[in-house]
Amino acid sequence: MSQIQHLLLITSQDLIHTPAFDRAAALAHAMQLPLHIVAFDYLQALAMTGLFAPDQIGQAREGYLQAHRQWLTEQTRLMSEDGIEVTSEVVWVQHPYEEVLQFVHEMSLALIIKDAHEESALSRVFFTPLDWQLLRDCPVPVHLVTNAFNPQPRNVLAIVDVLRSEEQDIVFNGEIIKAAIQLAKQCDARFELLHVYDWTAMFAQNMCVDVLPLATGIYQALGEAQRETFAALAERNNVPPDRRHFIECNPLSGICDFAIEHKADVIVMGTVQHNGLDKLLGTTAEQLLNRTSCSVLAIKPRQAIRH
């Protein structure tokens, strides 16, 4: 494995300059890291026809790939002129996630960057697009870009869940905060920390009139406990009081509204692997990609952007 950390930009086979290109270039500058760009190509029609005419299709496939190599070479030339150390390659592969894991094993990756592509709910249930595989399973931090109005982020928002009780989960919250603070420092961006207390779940479980007073008391006690835990977490990580935000509402709506109000360019949050129904419905990070134009930087436990 290479000891020099890299950024990995995964681009599409459409030969277009997407927001992820601008974000990757800006982060390569800010983090002072080399950038490697890979395009995963695969055409089912070519692959199937090749079963009957392998020689001719082999030439057609090579011509197809060469056009993509030339386009990527031009993109890397433009980035190089801006002072970025950048390389690129085109890979013919049907299942790109396995190829991503090869990059993870062979290179020291600080971050994987990719444009976020929306899929229908039906597609998510029956298929696992690369975006979702990266969010759920990739062992290194993943940055899914929805837009690059500010190629170099100006506002970084960290989301934590203080319901985590075990020591490893508390450490995970610390990693999320440290990753967000470091990204903000590297990009000279503003940092904000947010926790959303989900009072809707409490009342949804206790709608009976007879237990409503009890539920209200429990809600208030839990809310105060979470507020204290959040304050302690922020204090341990040296987050200034004016950058701490504790709000009470539905988490998904609260995060989206806060991100819009504070013009967040990147939401930094943790993701854990889900099984069963949770995997089908998607994590909060996945849902956020469909609800807000803000890009998401997802890290797993014991991960952080290091440089």
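Before I start, one term: a residue is called exposed when its relative accessible area is over 50%, and buried when that area is under 20%, with partly exposed in between. Please also keep in mind throughout that what we are looking at is a predicted model.

Let me use that term straight away on Lys263, which is exposed, because its relative accessible area is 65%. This lysine sits in the loop between helix H10 and strand S9, and its phi is near 55 degrees, which is a positive value in a residue other than glycine. The reason for pointing this out is a general one: most residues other than glycine have a negative phi. A second residue of this kind is Gln32, whose phi is also positive, at about 55 degrees, although it is not a glycine. Gln32 lies in the loop between H1 and S2, and with a relative accessible area of 59% it too is exposed.

Now let me step back to the whole protein, which has 12 helices and 10 strands. Of its 307 residues, 48% are buried. If we take the contacts between residues with a separation of 6 or more, 80% of them come from residues 24 or more positions apart.

How are the strands ordered in the sheet? Reading across, the order is S3-S2-S1-S4-S5-S10-S9-S6-S7-S8, in an open sheet of 10 strands with mixed pairing. Strand S3, residues 86–92, and strand S8, residues 244–248, stand at the edges with a single partner strand each, and therefore one side of each is left without a neighbour in the sheet. On average, and ignoring direction, neighbouring strands here are turned by 25 degrees against each other.

Let me go through some of the pairings, beginning with S9, residues 266–270, and S10, residues 295–299, which run parallel and are joined by 5 bridges. Within that pair, Val266 has Ser295 in S10 as its bridge partner.

Helix H1, residues 19–31, packs on this sheet, and it touches strands S1, S2, S4, S5, S9 and S10. The direction of H1 makes about 175 degrees with that of S1.

Strand S4 deserves a closer look. S1 and S4 run parallel and are joined by 6 bridges, and one bridge pairs Leu9 with Ile113 in S4. On to the next pairing, S4 and S5 are also parallel, with 4 bridges between them, and here Asp115 stands opposite Val145 in S5. Is S4 buried or exposed? 8 of the 8 residues of S4 are buried, so this strand is largely enclosed by the rest of the structure.

Helix H6, residues 130–137, lies across S1, S4, S5 and S10, and it runs at about 145 degrees to S4. This helix is largely enclosed by the rest of the structure as well, because 7 of its 8 residues are buried. The buried residues of H6 are Leu130, Asp131, Trp132, Gln133, Leu134, Leu135 and Arg136.

Let me turn to the nonpolar cores. The largest one has 51 residues, and the members that touch the most other members are Leu7, Leu35, Ile113, Phe191, Leu193 and Val268. Helix H7, residues 167–187, gives the most to this core, with 9 residues. Both domain 1, residues 1–147, and domain 2, residues 153–306, give residues to it, so this core lies between the two domains. To see what one such member touches, take Leu7: leaving aside residues up to four places away in sequence, its contacts include Ala24, Leu27, Ala28, Met31, Leu35, Ala110 and Ile113. There is also a second, separate core of 39 residues, and among them are Val93, Val100, Val104 and Val140.

Finally, two helices that I have not yet described. In H10, residues 251–261, the buried residues are Leu252, Gly254, Ile255, Cys256, Phe258 and Ala259. At the start of H10, a side-chain oxygen of Asn250 reaches to within 3.2 Å of the backbone nitrogen of Leu252, and what follows this helix is Lys263, the residue with the positive phi from the opening of my talk. In helix H9, residues 212–236, we find Leu222, which is partly exposed, with a relative accessible area of 39%. The C-alpha atoms of Leu222 and Leu163 are separated by 9.8 Å, while the two residues are 59 residues apart along the chain.

Definitions and conventions
Residues numbered from 1 in each chain as written. Predicted model: local features only at pLDDT ≥ 70, side-chain atom pairs only at ≥ 80, totals over all residues. Heavy atoms only, no water. Pairing = 2+ DSSP bridges. Helix = DSSP H or I, 4+ residues; strand = E, 2+ residues; numbered from the N terminus. Axes fitted to C-alpha atoms, helices over the stretch in contact; angles between N-to-C directions. Contact = heavy atoms within 4.5 Å. Buried < 20%, exposed > 50% of the residue type's maximum accessible area, 1.4 Å probe, protein only. Polar contact = N/O pair within 3.5 Å; in protein donor to acceptor, adjacent residues only side chain to side chain. Core = buried A, V, L, I, M, F, W, Y, C linked by side-chain atoms within 4.5 Å. Domains from an automatic or database assignment.
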